[in-house]
Amino acid sequence: MFTDHALLADLTRLMTLTGVPEADSDRILAAIAGTRQPSAVRTLLLASTRRRAWVAANDGYVHHWGDGVLLTVSPFRPDFRPRARRVTDDLGGSRCMKADRYRWSDPEAWRYTRLGGRTLRVADGAPVKVGDALTDGPVYLGDIQRVWGTKPAIANGTGRLSQATGLSAEDADQVVRLLFGAVKVVEAGADLPPGARLSTGAVVSREVFMHDNQRASEQGKADGRNYMSTGQPLFMSVAVALAIADNGGVLPQ
């Protein structure tokens with residue numbers, strides 16, 4: 001039984017605002033409310049990263065290393081000791097930059113630290129492919145999106161929600177797609193007019209991004225300037241998706 005009534009209320013409003021038919025919405029909400037896997041459903045709808053599985057950021061080799069695991073592009077050399085490390089928030093780990101060029105041929109390696117109760121699923125020295133789960137725990141859909149793209153991430157989320165609730169693939173897909181409807185503006189157009197919605201760092205709906213970028217392209221051609229912006233698709237929680245839908249397609253700052 002799903003007991004997070006506030007989350008269900010947010011999902012109900014989100015489906016209403018985004019045009020999900022009422023009959024579909026009622027059927028979906030009933031299935032979610034009656035799920036026997038509430039934790040799995042809640043993790044998905046909250047876009048939770050808590051205890052998410054660590055995922056390989058690239059093809060390479062896994063090596064057990066202290067309290068974590070080191071992922072390298074080439075087979076491990078026992079004399080390698082990374083001295084420089086640049087921390088990133090990429091697929092669960094810290095990024096180790098090459099420290100000793102004469103001892104190590106990889107341009108970079110990935111060190112995953114602080115297991116935090118996770119259990120490694122790969123043997124020491126084993127080869128892995130990009131996107132492979134290195135530990136137990138749910139694979140975060142945002143990681144799948146970054147590794148393989150939005151369509152595979154939606155397909156994965158649809159399968160999970162369908163399995164956890166008994167929803168048909170079509171109904172589960174309607175819900176999961178709502179969590180992939182935003183774009184983060186990576187770089188705004190160089191000559192973007194003041195007050196434009198596509199400012200750098202803004203999070204907007206996919207529809208707003210495409211609409212405003214189309215207008216910017218047309219205006220740029222007329223003015224001889226570059227108003228086009230670049231963006232990155234995002235996986236988000238129901239709460240964030242609702243905030244965007246409630247605010248005309250733009251996440252409040």
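Let's start at a hairpin: strands S1 and S2 form one, with 2 residues between them. One of the residues in the turn, Gly-66, has a positive phi of about 60°. Keep in mind that this is a predicted model.

How do the two strands of the hairpin run, and how many bridges join them? S1 and S2 are antiparallel, and 5 bridges hold the pairing together on paper. To find your place, look for S1 at residues 60–65 and S2 at residues 68–72. Right by the turn you can pick out one pair: Trp-65 has Gly-68 in S2 as its bridge partner.

S1 has another neighbour to look at. Strand S6, residues 127–128, is joined to S1 by 2 bridges, and this pair runs antiparallel too. Here Gly-60 is the residue to find, since its bridge partner in S6 is Val-128. While you're following the strands, a rule of thumb may help: in a regular strand, side chains alternate between the two faces of the sheet.

Now over to the helices. Helix H1 covers residues 5–17 and helix H8 covers residues 238–246, and their axes come within 9 Å of each other. Which way are they set? They cross at roughly 40°, so H1 and H8 are oblique to each other. The crossing of H1 past H8 is left-handed.

Who does the touching? From H1 come Leu-7, Asp-10, Leu-11, Arg-13, Leu-14 and Leu-17, and they meet Val-238, Ala-241, Leu-242, Ala-245 and Asp-246 of H8. Sorted by class, this contact has 8 nonpolar residues and 3 charged ones, with no polar residues.

Note on methods. Residues are numbered from 1 along each chain as its sequence is written. This is a predicted model: local features need pLDDT of at least 70, side-chain atom pairs count only at pLDDT 80 or more; totals for chains, interfaces and linings use all residues. Side-chain values use heavy atoms; hydrogens and water are left out. Axes are lines fitted to C-alpha atoms, for helices over the stretch in contact, and angles run from 0 to 180 degrees between N-to-C directions. Helices (H or I, at least four residues) and strands (E, at least two) are DSSP runs, numbered from the N terminus. Angles under 35 degrees count as roughly parallel, over 145 as roughly antiparallel, 65 to 115 as roughly perpendicular and the rest as oblique. A crossing is left-handed if the near helix is turned anticlockwise from the far one by less than a right angle, and right-handed if clockwise. Contact means heavy atoms within 4.5 Å. Ala, Val, Leu, Ile, Met, Phe, Trp, Tyr, Cys and Pro count as nonpolar, Asp, Glu, Lys and Arg as charged, and the others, Gly among them, as polar. Two strands pair if DSSP finds at least two bridges between them.
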